[in-house]
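Q: Got a minute to go through this one with me? I'd like to talk about how the inside is packed.

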Amino acid sequence: MAVTALDIVNKAIELGFDKCGIIPVGIMYGNENRLEKRMAYFPQTKDNYESFRSFAHLQKSYSWAKAIVILSFWYEKYHIPNGVRDCVAKYYLTDGRKNTDLQGYKISVAFEEYLGDFGFQVAADRDFGITALRWAGIGIIRKNNFFYVEKGSYQHLETFLIDEPLQYVMESHIRPCSEKCNLCMKVCPTGSLEAPYMMCRNICVSCLTTWDGWDLRKEPFQNKFGK
């Protein structure tokens, strides 16, 4: 039995994902233009972003890939203990990438098995994502550089490559940022948000407390992180 794009989307929602979209692999070529703009605006980020060029050229590594399934998992539904509610990286309490007991992990595995059972060739990277994750029409990127759906920004995004040229753009009913608003830039604690949609990853709190946080005791911005 042939599986349609809508079948895949409905299965994702049935398993517990919040939203699902499917886009042609070729759309990702545009991601390289965004990288170029970001590196030109923040030259100090060039070394970090160069490795992401591969996200725009998936067929160099996956010649068989025809489409990308992008899913979002809403994690704000979980109760976060009051003691860590305002702390950096509280998301890791619900992170289902490696914790096999969490729902996020279980439904990710179940979805991958579903695709395989219907004969799709599939590739994914459950830890870090196999490509840029925000392009499937399931939400919008706001001026603060975060991805939003109707329920907000507390969304974990996940991608799967498949070998069939399917497409499904889920409607998004989200009011965009006001042209006049710059509140996120005013309150950014490290000044990472220098302009609308322009975030310097090298001094972003999220990056400094994860990828680049090798010794926070020596980090110049350590007093700006909050808890």
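What follows is a chat about the cores, the cavity and the aromatic pairs of this predicted model.

Q: Let's start inside. Which residues touch the most other members of the largest nonpolar core?
A: Ile-8, Val-69 and Phe-111 do, in a core of 41 residues.

Q: And which helices and strands supply at least two residues each?
A: Those are α1 (5-15), β1 (19-24), β2 (67-74), α5 (103-117) and β6 (155-162). The most comes from β2, which puts in six residues.

Q: What does Val-69 touch, leaving out residues up to four places away in sequence?
A: Quite a list: Ile-8, Cys-20, Gly-21, Ile-22, Phe-111, Glu-158, Thr-159, Phe-160 and Ile-162. So Ile-8 and Phe-111 turn up again, this time as contacts of Val-69.

Q: What about the second core, which residues does it include?
A: That core is separate and has six residues, among them Met-185, Cys-188, Leu-193 and Cys-204.

Q: Switching to holes. How many cavities of 30 Å³ or more are there?
A: One. Its volume is about 80 Å³.

Q: What lines that cavity?
A: There are 13 lining residues, and Phe-73, Gly-96, Arg-97, Gly-104 and His-156 lie nearest the centre. Both α5 and β6 give two or more residues to the lining. The largest share is from α5, with three residues.

Q: How does the lining split by class?
A: Four nonpolar, five polar and four charged residues.

Q: OK, aromatics. How many pairs does a search of the whole structure find?
A: It finds 10. One of them is Tyr-75 with Tyr-154, a stacked pair at 5.3 Å centre to centre with 15° between the planes.

Q: Where do those two tyrosines, Tyr-75 and Tyr-154, lie?
A: Tyr-75 is in the loop between β2 and α5, while Tyr-154 is in the loop between β5 (147-148) and β6, so the pair ties together parts that are 79 residues apart in sequence.

Q: Tyr-75 first: buried or exposed?
A: Buried, because its relative accessible area is 15% and the cut-off for buried is under 20%.

Q: How does Tyr-154 count?
A: Tyr-154 has 29% relative accessibility, so it counts as partly exposed.

Q: Last one: which residues form the aromatic cluster?
A: Phe-17, Phe-111, Tyr-114, Phe-118 and Phe-160 make up one cluster. Two of those names came up earlier: Phe-111 and Phe-160 are both touched by Val-69.

Methods. Residues are numbered from 1 along each chain as its sequence is written. This is a predicted model: local features need pLDDT of at least 70, side-chain atom pairs count only at pLDDT 80 or more; totals for chains, interfaces and linings use all residues. Side-chain values use heavy atoms; hydrogens and water are left out. A nonpolar core is a set of buried Ala, Val, Leu, Ile, Met, Phe, Trp, Tyr and Cys residues joined through side-chain atoms within 4.5 Å. Buried means under 20% relative accessible area, exposed over 50%, partly exposed in between (1.4 Å probe, protein chains only). Helices (H or I, at least four residues) and strands (E, at least two) are DSSP runs, numbered from the N terminus. Contact means heavy atoms within 4.5 Å. On a 1 Å grid over the protein atoms alone, a cavity is a set of points where a 1.4 Å probe fits but cannot get out, and a pocket is an open set with protein on both sides within 12 Å along at least five of seven lines; lining residues have an atom within 4 Å of a point. Grid points are joined across faces, edges and corners, and a volume is the space filled by probe spheres set on the points. Ala, Val, Leu, Ile, Met, Phe, Trp, Tyr, Cys and Pro count as nonpolar, Asp, Glu, Lys and Arg as charged, and the others, Gly among them, as polar. Rings of Phe, Tyr and Trp (its six-membered ring) pair if their centres lie within 6.5 Å; planes under 30 degrees apart count as stacked, over 60 as edge-to-face and the rest as tilted.
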